[in-house]
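Me: I am new to this structure and would like to learn how to read it. Could you go through it with me, one feature at a time?

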Amino acid sequence: MRCRVRLAGLIDERRLHDAIRRVVARHQILRSTFCLVAGLDYPLQQINDQPSPELVDISLQRHSPSDHTLCVAVSPLCADVASLGVLVRELRAVYNGAQGQEEPLQYIQFAEWMNELTNEEGADEARRFWTQRETAPVAPELPEERPAGAAGMSRLEGSI
């Protein structure tokens, strides 16, 4: 998932770098890697101290002293389009000095909630309903399959 945010005005690059560091520190998924383990059918999430460059890339392009583009690329394993919007809004807030934000929901909390839902009374009936629906399989459009350029980018305009 990628987006570009056009930034108008003077940017304090050190303050922006600090805001990025603080936001990444708050969100475990931005510091995760995924590894395959023998005997498991799914990858395991491993949380690191720093983001993996293969999964998260945030950079600033300088066009002039008062014109920049913030480029954010995050693996679909770590974020979707809505999450990118949340990430950019949080970066803006932290850059502008926001303090004491509520602790974000981490993936493990979401997974635990989903496990509770699947084990609740009535979960089997709901599962049968959805598995018995006749739906045609839809092949997802993967980011790598889109042509490069603007069509493959989500645009989030704004300023920090």
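Me: Let me begin with a turn between strands. Through how many residues does a hairpin join β4 to β5?

Reply: Welcome! Please keep in mind that this is a predicted model. To read a hairpin, follow the chain out of one strand and into its partner. Here, 2 residues link β4 to β5 in a hairpin. β4 covers residues 56-64, and β5 covers 67-74.

Me: How do β4 and β5 run, and how many bridges join them?

Reply: For strand pairs, look at the direction of each strand and at the bridges between them. β4 and β5 run antiparallel, with 8 bridges joining them. You can pick out single partners too: serine 64 is bridged to aspartate 67 in β5, and isoleucine 58 is opposite valine 72 of β5.

Me: Which residue of β5 is the bridge partner of cysteine 3?

Reply: It is valine 72. Between β1 and β5 there are 7 bridges, and these two strands are antiparallel. So that you can see β5 in full, put the two pairings together: β1 is joined to β5 by 7 bridges, and β4 is joined to β5 by 8.

Me: Is β5 mostly covered or mostly open?

Reply: Mostly covered, as 6 of the 8 residues in β5 are buried. Histidine 68 is a good residue to look at, with its place in strand β5. Its relative accessibility is 0%, and because buried means under 20%, histidine 68 counts as buried. Beyond its sequence neighbours within four places, histidine 68 has contacts that include Val5, Leu7, Ile11, Leu60 and His63.

Me: What should I look for in a nonpolar core?

Reply: The general idea is that nonpolar side chains in soluble globular proteins tend to be buried together. In this model, the largest nonpolar core is made of 24 residues. Leu70, Val72, Val74, Leu84, Leu87 and Leu91 have the most contacts inside that core. At least two core residues come from each of β1, α1, β5 and α2.

Me: Which element gives the largest share of this core?

Reply: That is α2, with 6 residues. You can find α2 at residues 81-95.

Me: Where is histidine 27 found, and why does it count as buried?

Reply: A loop residue can be covered or open, and the relative accessibility helps you decide. Histidine 27 sits in the loop between α1 and β2. It counts as buried because its relative accessibility is 17%. Apart from residues up to four places away in sequence, histidine 27 touches Glu90, Pro104 and Gln106.

Me: Gln106 is on that list. Which residues does glutamine 106 contact in turn?

Reply: Setting aside neighbours within four places, glutamine 106 is in contact with Arg26, His27 and Gln28. Glutamine 106 lies in the loop between α2 and α3, and counts as buried because its relative accessibility is 12%. To read how the chain folds back, compare sequence and space: glutamine 106 and isoleucine 29 are 77 residues apart in sequence, with 7.5 Å from C-alpha to C-alpha.

Me: Is tyrosine 107 buried or partly exposed?

Reply: Tyrosine 107, which is found in helix α3, counts as partly exposed because its relative accessibility is 48%. Its C-alpha is 7.7 Å from that of glutamine 28, although 79 residues separate the two in sequence.

Me: What lies over the face of tyrosine 95?

Reply: Arginine 15 does, at 3.9 Å from the ring centre. As for pairs between aromatic rings, the count is 0.

Me: How would you read the whole chain?

Reply: Begin with the elements: the protein chain has 4 helices and 6 strands. Their order from the N terminus is β-α-β-β-β-β-α-α-α-β. Then turn to coverage: 26% of the 160 residues count as buried. The chain exposes about 11400 Å², and carbon and sulfur atoms supply 53% of that area. Last come the contacts: among those with a separation of 6 or more, 62% are between residues 24 or more positions apart.

Key. Residues are numbered from 1 along each chain as its sequence is written. This is a predicted model: local features need pLDDT of at least 70, side-chain atom pairs count only at pLDDT 80 or more; totals for chains, interfaces and linings use all residues. Side-chain values use heavy atoms; hydrogens and water are left out. A nonpolar core is a set of buried Ala, Val, Leu, Ile, Met, Phe, Trp, Tyr and Cys residues joined through side-chain atoms within 4.5 Å. Buried means under 20% relative accessible area, exposed over 50%, partly exposed in between (1.4 Å probe, protein chains only). Two strands pair if DSSP finds at least two bridges between them. Rings of Phe, Tyr and Trp (its six-membered ring) pair if their centres lie within 6.5 Å; planes under 30 degrees apart count as stacked, over 60 as edge-to-face and the rest as tilted. A charge sits over a ring if NZ of Lys or CZ of Arg is within 6 Å of the ring centre and within 35 degrees of the ring normal. Contact means heavy atoms within 4.5 Å. Accessible areas come from the Shrake-Rupley method with a 1.4 Å probe; for residues, only the protein chains shown count as cover.
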